Amino acid sequence: MQKILVATDFPERSDRAQRRATLLARQSGASIALVHVIDDDQPRRVIDTERDEAENLLNQMAATLRDVDGVECDTQVILATPFVGIIKAVADVAPDLLVIGPHRRQVLRDVFTGTTAERTIRPINCPVLMVNATPVGH
């Protein structure tokens, strides 16, 4: 494994995915690509603010991965609907593995359109690991 893509929306459940990806990267010598998708169906001012904050957080996360964990890391912020943005990142990065956090339930929407994870997983051609719990070991 050479490249792991981690999709994050920054809450604790995404941190679990990043921690698992970090363990896998250290084990295999892979690099990590962190991606955050900002929903582009918002006012421009909100998008710009969110993009600035996301870039700052991703850069901090990448610095920690490089300096503390010894893992090479790239970052990317994409403007799109979440599942479309993740699919785009998979196409751009061509990872050996996509790591995502657990799904947050939105019952009515999930019934009709499917979860973000389901809509992401269907069209991509790489393995996906959904991390539901905090990693406790390799």
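Visitor: How many helices and strands does the secondary structure of the protein come to?

Guide: The protein has five helices and five strands. Along the sequence they follow the pattern β-α-β-α-β-α-β-α-α-β. Keep in mind that this is a predicted model.

Visitor: What is the mean pLDDT of the protein, then?

Guide: pLDDT is the predictor's confidence in each residue, from 0 to 100. Here the mean is 86, and 85% of the residues reach 70 or more. Now go element by element. Strand β3 has the highest mean, 97, and helix α4 (residues 107-113) the lowest, 44. Over residues 107-113 the pLDDT is below 50, and this stretch has eight contacts in the model beyond near neighbours in sequence.

Visitor: In which sense do β2 and β3 pair?

Guide: Look at the strand direction and the bridges. Strand β2 (residues 31-38) and strand β3 (residues 73-79) pair in the parallel sense, over seven bridges. Take one residue as a marker: I32 has C73 of β3 as its bridge partner. Then trace the chain through the helix. β2, helix α2 (residues 44-67) and β3 form a β-α-β unit, and the unit is right-handed.

Visitor: What span does α2 reach from its first C-alpha to its last?

Guide: The 24 residues of α2 reach 34 Å, close to the 34 Å expected at 1.5 Å a residue. Next, ask which way its residues point. An α-helix has 3.6 residues a turn, so residues three or four places apart point the same way. In α2, the buried residues are I47, A54, L58, M61, A62 and L65.

Visitor: Is H36 buried or exposed?

Guide: The cut-off for buried is under 20% relative accessible area. H36 is in strand β2. H36 counts as buried because its relative accessibility is 9%. Two of those buried α2 residues, A54 and L58, are among the contacts of H36. Its contacts beyond four places in sequence also include T8, D9, F10, Q76, V77 and I78. Check one pair in space: H36 and Q76 are 40 residues apart in sequence, yet 6.5 Å apart C-alpha to C-alpha.

Visitor: And S31, buried or exposed?

Guide: S31 also belongs to strand β2. S31 is buried, as its relative accessible area is 16%. Leaving aside neighbours within four places, S31 contacts Q2, K3, I4, V71 and E72.

Visitor: Which residues have the most contacts inside the largest nonpolar core?

Guide: Look for buried nonpolar side chains that join up. The largest nonpolar core has 18 residues, and I4, V6, I32, L34 and V99 have the most contacts inside it. β1 (3-7), α1 (12-28), β2, α2 and β4 each supply at least two residues of this core. Another core, of 14 residues, lies apart from it, with V37, L98, I124 and C126 among its members.

Visitor: What is I4 in contact with, beyond its neighbours within four places in sequence?

Guide: The contacts of I4 include A21, L24 and A25. They also include A30, S31, I32 and A33. P95, L97 and V99 are further contacts of I4.

Visitor: Where is A94 found, and is it buried or exposed?

Guide: A94 sits in the loop between α3 (82-93) and β4 (97-100). Its phi is near 55°, a positive value in a residue other than glycine. A94 counts as exposed because its relative accessibility is 55%.

Visitor: What share of the whole protein counts as buried?

Guide: Of the 138 residues, 41% count as buried. For the contacts, look at sequence separation. Among contacts with a separation of 6 or more, 76% join residues 24 or more positions apart.

Methods: Residues numbered from 1 in each chain as written. Predicted model: local features only at pLDDT ≥ 70, side-chain atom pairs only at ≥ 80, totals over all residues. Heavy atoms only, no water. Pairing = 2+ DSSP bridges. Helix = DSSP H or I, 4+ residues; strand = E, 2+ residues; numbered from the N terminus. Right-handed = clockwise from strand over helix to strand, strands pointing away. Buried < 20%, exposed > 50% of the residue type's maximum accessible area, 1.4 Å probe, protein only. Core = buried A, V, L, I, M, F, W, Y, C linked by side-chain atoms within 4.5 Å. Contact = heavy atoms within 4.5 Å. Expected span 1.5 Å × (residues − 1).
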